[in-house]
Amino acid sequence: MRHEKTAVAANALSPVLTGALSFSCRLGECRSELMPLLSEVSKVVSAGGSLSSTLKLVLELMQKHLQVKRAMITLYDVSCDQIFIHESYGLSPEEAEKGVYAPGEGITGKVIETRQSIIVPHIADDPLFLNRTGSWDRQHDGQHSFICVPIIRGLKVMGTIGIERIYHNAQLRFLDLEVLRVIAAIIAQAVELHLLERVQQKTVQAHTAPHGGEKFKPANIIGNSRTMQHVYRLIEKVSHARTTVLILGESGVGKERVATAIHQNSHCSGGPFIRFNCASLPESVIESELFGHEKGAFTGAISRRAGRFEEADGGTLFLDEVGELSLSAQSKLLRVIQERSFERVGSNETLSVNVRILAATHRDLSEMVEQGTFREDLYYRLNVFPITIPPLRERGSDILILADHFNARFASEQGVEVPTIATPALNMLLNYTWPGNVRELENVMERAVLLADEGFIHSYHLPINLQPIIDHLTEQEGLEARLARVEYDLITEALAKFQGNVSRAASYLNMTRRALGLRLEKYQINYKHYRGQT
Ligand SMILES: Nc1ncnc2c1ncn2[C@@H]1O[C@H](COP(=O)(O)OP(=O)(O)OP(=O)(O)O)[C@@H](O)[C@H]1O
């Protein structure tokens, strides 16, 4: 499908529009009220008021004059790099909440990314159209066109206006594109003001909030690294919406923790949080586990049983390891996500539920889509708001905070004084690559607290796989090995002292930066892990 794009900036009445103001009704559809529409839009915008109330009125005017079936105005939030529906016409609040796009994703995302308008003559044929809000229905809206224009001010793209309706002639579609671009230009200043005010409000909040403007941090997640702070911002942003969230990351990084945090900070935190591990059961029972079954539905079904969707009604359903679902289970899941209704196995009665869905996987779902092992339509349904949790090896500053946290927790569980982690042991924790992520660190610390001697965790209390190259040297038991250990300790201490600054550590050790670099390589020490330490 080729998109009919136009590249002219939406900042003035274009010749197409000026000529079209006198567009006649000879093609069966007419626009006789363009000037009243534009002047009413201008009046609404100059009257001031909140952006929401202004945009609502603008949408009503567009509906009245352009007879749109649906319309939406999105705003681009640069702080989390996502596009949200700010106001809409013809969408229910639930549908509007689902309208979240990344730049480049779907038609709206493409318009933001390219700053170019897009006309989709027939939504039904266009693979770019995601129907993320779920409002579009092939049977009734199959002939609809979608027109989307950017809201631009200077070089800044701030959002989009999109409309959906049937057009019987292409000329009118182009005319409406021009009309939308003029409306986008009229509202651009109000949108810019709103975005500026929001940034200012955030700054003021940060300065006046108690505790020196502490940022949002979920209570159940430990870690202050920059990458985790980005994750916290996303959790804060998405918790209150009903949006489906896809949590991505390697095994043991804390995906379930993030899912719990989203639930706990959401409006449905009083409702149930139900976790379902899609990899834990054979395919034959997945359906009855998710949707429940009637008595006698299959051998062994001795009584009626509610499934996870029913159990999660009014709350959150967390589908862990969603990438492990078979294709047939994926299609059943797709239906519930689309329609929010399902039948128990062995029953004809359709049940409806009000459930927020969170999903997680350590797999690359887009690659699975390409390989044909994951349904593309389900992928788009789940990937509405992705949150990627970085692996532990990329957040060195969290390693020590987590180690301290687990040290205190296991000491309290084991009823002993909290042991001190000796510097060489700390260095080993920092320099290990943690393939098993936080879960592995948790296990290492549990064992170390058990083994601790006289209130200390030493490097030999850590598992052998954490022992770096230095340990092989000590096995030689010679002078060189012992000198190497001293050298290793001095280098890691200097890095800790200067927070990973190699030049300052080298000058402190009275050696060149290059010489220190070679030693770091020899001992496989990653200076980045010492950043942000004190
Ligand atoms: N930031 C964190 N703070 C405290 N504990 C954490 C954190 N991240 C993970 N954990 C702990 O590490 C373990 C693994 O976490 P979790 O189960 O959330 O990871 P996951 O990514 O869902 O793993 P999997 O992919 O194997 O399901 C859990 O015991 C959890 O409590």
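User: How many nonpolar, polar and charged residues does the shell around the ligand have?
Analyst: The model is predicted: local features need pLDDT of at least 70 and side-chain atom pairs pLDDT 80 or more, while totals for chains, interfaces and linings use all residues. Residues are numbered from 1 along each chain as its sequence is written. Ala, Val, Leu, Ile, Met, Phe, Trp, Tyr, Cys and Pro count as nonpolar, Asp, Glu, Lys and Arg as charged, and the others, including Gly, as polar. On that scheme the shell has four nonpolar, six polar and six charged residues.

User: Which residues are the closest to the ligand?
Analyst: A residue is near the ligand if its C-beta atom, placed from the backbone, lies within 6 Å of it. There are 16 residues around the ligand, and the closest are Ile222, Gly254, Lys255, Glu256 and Val438.

User: Which elements give two or more residues to that shell?
Analyst: Helices are DSSP runs (H or I, at least four residues), numbered from the N terminus. Two or more shell residues each come from α10 (255-264) and α18 (437-451).

User: Where does the ligand lie with respect to domain 2 and domain 3?
Analyst: The domain bounds come from an automatic or database assignment. Because domain 2 (226-390) and domain 3 (393-530) both give residues to the shell, the ligand lies between them.

User: How are α16 and α18 oriented to each other?
Analyst: The axes, lines fitted to C-alpha atoms over the stretch in contact with angles from 0 to 180 degrees between N-to-C directions, come within 9 Å and cross at roughly 45°. Under 35 degrees is roughly parallel, over 145 roughly antiparallel, 65 to 115 roughly perpendicular and the rest oblique. The two helices are therefore oblique.
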